[in-house]
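Biologist: Please take me through this model, and for each term you use, say what rule stands behind it.

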Amino acid sequence: MKKFLVALLGVLLILSGCQSQAGNSAEKPNEKVDVKPPDRDLVKDGLPAFNEEVASLPKTDLEIWLAADYANEKPIQDAIKEFKTIYPNISVKTVGIEWGEMTNKVKLAVSSGAVPDMAHNHAFAFGAQGLAEPLDDLWNGWGEEDQFLPGGIEDVTWKGAKYGVPLDINTLIYLYNKKAFDEAGIKEAPKTLDELTEVSKKLTNKDKGQFGFVTNASGWSFFGNVVAEGTNILKFDGDNATANLNDPIVVETMKKYTDLALVHKSSPVPPPQERQTDHPVAMFGTGRAASFISGPWDIARIKDEFPDAYKNLATAVIPASERGSVLGGGSLFVPKGSKNQVASFELMKWFVSDKYSIRLAKEMGRHPVKEHQYNDEFFNDPLLKPYIETLKYAQPYKLEAYPEANDAWGKALRSVFDGADVEKTLDNAQEVAEKAIKNAK
Amino acid sequence: MKTETVPSMNIKKAKNNRELHKFKDILGSYLFVLPALSFLFLFSIVPIIYLIWLSFTDYSLPNPAVFIGLENFSRMLEDKLFLKSIFNTLVYTFGSMALGLVFALAIAVLLNRQLKGLRIFKVFYFLPTITSEVITAMIFLWVFDNNLGILNYLLKVLGMENPPAWLLEPTTAMLILIFIGAWRGAAYNTPIFLAALQSVPQSYYEAARLDGANAWKQFIHISLPSITHMLVYSMVMSVIGSFQVVAVVDILTNGGPMDSTMVAIKHIWQQSFEFNYVGYGASLSLVLFPFLLLITWLQLKLSSRKES
């Protein structure tokens, strides 16, 4: 026993020795590293130009928090690896965090002072809540704002200030089974919500348990329909936002959309879970539904998981009287309090460079934020045409800047699916949203 | 003189030694519990004190907390959803506790009878407890989903045209949550009840049999009173566990339909972290404490009356 205790003590002493050594090496933030410009032309390779300011930084340790389904993907890790070979003075530690958890984690990090140097979500929402550093000076120094799609810039902008760099972008389209359409004698995809109702009714076969369409109860996704009908749930007068949840067009759109399931029975009632993305694609992929609304990521998913359904897959813009949809995707930002803004911003530039943005699209189905990157032949895929068309008019979901209003909007849609009156429900949601916007700090 | 002083000195010395030993014993005991007590103090007592302070503040991260007195508590009175969530939690707690304890007791009694083939069952009955709540919820989602779930698929195969939308109806959604809670509770309590039943002296049963008592009477008059202490323990633990339910609700119903399965912890979490009303969230959690205390006290009172 004694021998064991002595051995254990020995091991602990050795380990504590290792610990203090590791600590010492990490605690040399001002150590100077001689960084020389590379022999090759980085710009020719589709990368940002060599940045003298970053090269002159002392030894810097970056901790970056990326969404869990990005953090360990090859394009991201390869970009970090190459970045570190050009800037050996910068080390990067990547942490994967669930998308929905990012807000809480960043809030706690900012309030405790132990902040990461980069985080991944919707930069504007974090800027609005005082959780992100404004990066306008770095943007001005970069001078490439005009290369970005306007929607991408909107995802990082709050009240005129830019809080991050958009990483990828997406929007929603109408996905349908062209074989089912042919068999029902339907020549083309529906162009309005009324046409969608008629087409979905035709495609519904109760005996076979097949539906013409799959609705979903996501407030974010339904906002796409609202935009496509030519209105918005938030109105902006300069920097001042006002809630517009009970706008007559919103009321009518929600009524028609939910009626697809509740009145016409040409769609199943969406499941009650918060995550709404799995149900429609599963219904479509298994042949239980002929159409649904989703993003380009589901094209890749149908190809991988439901190859038979992929053979008959066709896409179109969302059926609506106007054009556009919700603008999704994500952006990178520097949480409030981080001292490594320059290095962090440079790494963001690398992630959205031509070399790695196209890889993000091809390997991960995450589409680029720079307009010229859509000239790549990868985007000649006819299934992506309606997506690229919709991107031009897509609008970001700014309600996310007001969490309570965002919840009221999502809950309103869910309640209508559960049987509540549309008008009354949206009036109540409007009241909550007005209060939330007024109380926002 | 000498002969008198030596014994008295010895007695004094012995007394001193005894006291020293006693002191060392006490000091040793305290030193042994010190690490555990430090952890308890640091990770339970300090957060509780901090929570009490937070409940009197307006605190939204990352801004500093501002003292607002009793404002959070007066706001609570107007929070209809909180009252509803307390009601839902009570329904869930009593439903899952009652059902879970009955299941557990029934299984424990069967296992105690050592019937043939039950040994294999012993391997499986604890599985629900060691399965994570999230996985449990996912399993039941695949069972009860009205479009893609296995239950409705089977009901359709059996000829039912419109099987129920289990998770979309307030009553069935709550019943399913209660059933899952009971399923997990039964798995946790079965070995406890089995151990308690096995500790009841066999001579009691032999005497009862000689007096002509049947199996039911033996269960009511011998088994049940002998394991009352364990029943109370399980009830208290079930109430505390049920009040903390959130993962299953989050995954299966998200508090719906129409807030019919919104439970207290989910509401508190939403207020504190989703809406960033940390101070208000703290005051809501503080209100749960007397609830739990009252229920536990009632249970202990009830059991002590039974035992006496």
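Biologist: Where is B:Pro257 found?

Modeller: B:Pro257 is in the loop between α12 (247-252) and α13 (264-274) of chain B; helices here are DSSP runs of H or I with at least four residues, strands are runs of E with at least two, and both are numbered from the N terminus. The model is predicted, so local features need pLDDT of at least 70 and side-chain atom pairs count only at pLDDT 80 or more, while totals for chains, interfaces and linings use all residues. Residues are numbered from 1 along each chain as its sequence is written, chains are lettered from A and ligands numbered from 1 in the order in which they are written, and side-chain values use heavy atoms, with hydrogens and water left out.

Biologist: What makes the peptide bond from B:Gly256 to B:Pro257 worth a remark?

Modeller: That bond is cis, with omega near -10 degrees. Most peptide bonds are trans, and most residues other than glycine have a negative phi. On the second point, A:Lys159 has a positive phi, near 50 degrees, and is found in the loop between β4 (157-158) and β5 (161-162) of chain A.

Biologist: What is the radius of gyration of chain B, set against a compact globule of 308 residues?

Modeller: Chain B has 27 Å, where such a globule would have a value near 19 Å. The radius is taken over C-alpha atoms, and the globule rule is 2.2 Å times the number of residues to the power 0.38. Along the principal axes, the C-alpha atoms of chain B fill a box of roughly 110 × 70 × 35 Å. Its secondary structure comes to 14 helices and 2 strands.

Biologist: Why is the pair B:Asp259 and A:Lys411 called a salt bridge?

Modeller: The term requires a side-chain nitrogen of Lys or Arg within 4 Å of a carboxyl oxygen of Asp or Glu. B:Asp259 and A:Lys411 have N to O at 3.4 Å, so the pair qualifies. The count between chain A and chain B is 1 salt bridge, and the structure holds 24 over all chains.

Biologist: How are A:Lys349 and A:Glu346 placed in helix α16 of chain A?

Modeller: They are 3 residues apart in α16 (residues 341-351), which means a separation of about one helical turn. Their closest N and O atoms are 2.9 Å apart, in a salt bridge.

Biologist: How many residue pairs are in polar contact across the interface of chain A and chain B?

Modeller: The rule finds 7, with both residues at pLDDT 80 or more. A polar contact is a pair of N or O atoms within 3.5 Å; within protein, one must be able to donate a hydrogen and the other to accept it, and residues adjacent in sequence count only if both atoms are side-chain atoms. On the chain A side, α5 (102-112), α13 (278-285) and α19 (403-417) each give two or more residues. The largest share, 6 residues, comes from α19(A).

Biologist: How much area do chain A and chain B bury between them?

Modeller: About 2300 Å², 53% of it on carbon and sulfur atoms. Buried area is the accessible area (1.4 Å probe) that two parts lose on being put together, summed over both. The contact, meaning heavy atoms within 4.5 Å, takes 31 residues from chain A and 29 residues from chain B.
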